[in-house]
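Visitor: I have a chain open on my screen and would like to talk through how it is put together. Could you take me through it step by step?

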Amino acid sequence: MDGRLKRLHHKCKYMGMHENDVIFARFAERYLDNLSETEVSQFEALIEENDVDIFKWITGKLDLPPEYDNSVMTKLRECQDYEPA
């Protein structure tokens, strides 16, 4: 695993809000190593946003900005209910 992905795996476990920690840890386990270069860049931009806003975007409690309406957000939303094997 390259340094960029290693850093992102770590960040996913320590987002700040417990709810995001759970969603992002699931996302990392399920998707992170298989993202395209574009998706990795989109993901890096997203995680720089406010933790509460990210959670509200994922859960649909706040309108999603157009720049985050992409496959990364779709995958994050799928991870709300994903249970690892």
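Guide: Before we come to handedness, one definition is needed: a crossing is left-handed if the near helix is turned anticlockwise from the far one by less than a right angle, and right-handed if clockwise. Please also keep in mind that this is a predicted model.

Visitor: Okay, noted. How many helices and strands are there in the chain?

Guide: The chain has five helices and zero strands, and the order of the elements from the N terminus is accordingly written α-α-α-α-α.

Visitor: And what about the radius of gyration, what would a compact globule have with 85 residues?

Guide: A compact globule with 85 residues would have a radius of gyration near 12 Å, and because the chain has 12 Å, the two agree. Along its principal axes, the C-alpha trace spans about 35 × 25 × 20 Å.

Visitor: What percentage of the residues is buried?

Guide: Buried residues account for 42% of the 85 residues in the chain. As for contacts, if one takes those between residues at least 6 apart in sequence, 60% of them join residues at least 24 apart.

Visitor: Let's get to the handedness, then. In which sense does α2 pass α4?

Guide: The crossing in which α2 passes α4 is left-handed. The axes of helix α2, residues 18–30, and helix α4, residues 51–59, come within 10 Å and cross at roughly 60°, which means that α2 is oblique to α4.

Visitor: Which residues meet there?

Guide: From α2, the residues are Glu19, Asn20, Ile23 and Phe24, and they meet Asp51, Ile54, Phe55 and Ile58 in α4. Sorted by class, this contact of α2 with α4 has five nonpolar, one polar and two charged residues.

Visitor: Switching helices now. At what angle do α1 and α3 pack?

Guide: Helix α1, residues 3–13, and helix α3, residues 37–46, pack at an angle of about 40°, with their axes 12 Å apart, so α1 is oblique to α3. Here, too, the handedness can be given, since α1 passes α3 in a left-handed crossing.

Visitor: What is the contact made of?

Guide: On the α1 side it is made by Arg4, Leu5, Arg7, Leu8 and Cys12, and on the α3 side by Glu37, Val40, Ser41, Phe43 and Glu44. Those residues of the contact of α1 with α3 divide into five nonpolar, one polar and four charged.

Visitor: Stay with Leu5 for a second. Is Leu5 buried or exposed?

Guide: Leu5, whose place is in helix α1, has a relative accessible area of 16%, and because buried means under 20%, Leu5 is buried. Not counting residues up to four places away in sequence, Leu5 touches Leu32, Asp33 and Val40.

Visitor: Where is Asp33 found?

Guide: Asp33 is found in the loop between α2 and α3, and at 44% relative accessibility it counts as partly exposed. Asp33 and Glu67 are 34 residues apart in sequence, and their C-alpha atoms are 22 Å apart in space.

Visitor: One last pair: how far apart are the axes of α1 and α2?

Guide: The axes of α1 and α2 are 7 Å apart, and the two helices pack at an angle of about 145°. The contact is made by His9, Cys12 and Lys13 of α1 together with Asn20, Asp21, Phe24, Ala25 and Ala28 of α2, and by class it divides into four nonpolar, two polar and two charged residues.

Notes:
Residues numbered from 1 in each chain as written. Predicted model: local features only at pLDDT ≥ 70, side-chain atom pairs only at ≥ 80, totals over all residues. Heavy atoms only, no water. Axes fitted to C-alpha atoms, helices over the stretch in contact; angles between N-to-C directions. Helix = DSSP H or I, 4+ residues; strand = E, 2+ residues; numbered from the N terminus. Parallel < 35°, antiparallel > 145°, perpendicular 65-115°, else oblique. Contact = heavy atoms within 4.5 Å. Nonpolar A, V, L, I, M, F, W, Y, C, P; charged D, E, K, R; others polar. Rg over C-alpha atoms; globule rule 2.2 N^0.38 Å. Buried < 20%, exposed > 50% of the residue type's maximum accessible area, 1.4 Å probe, protein only.
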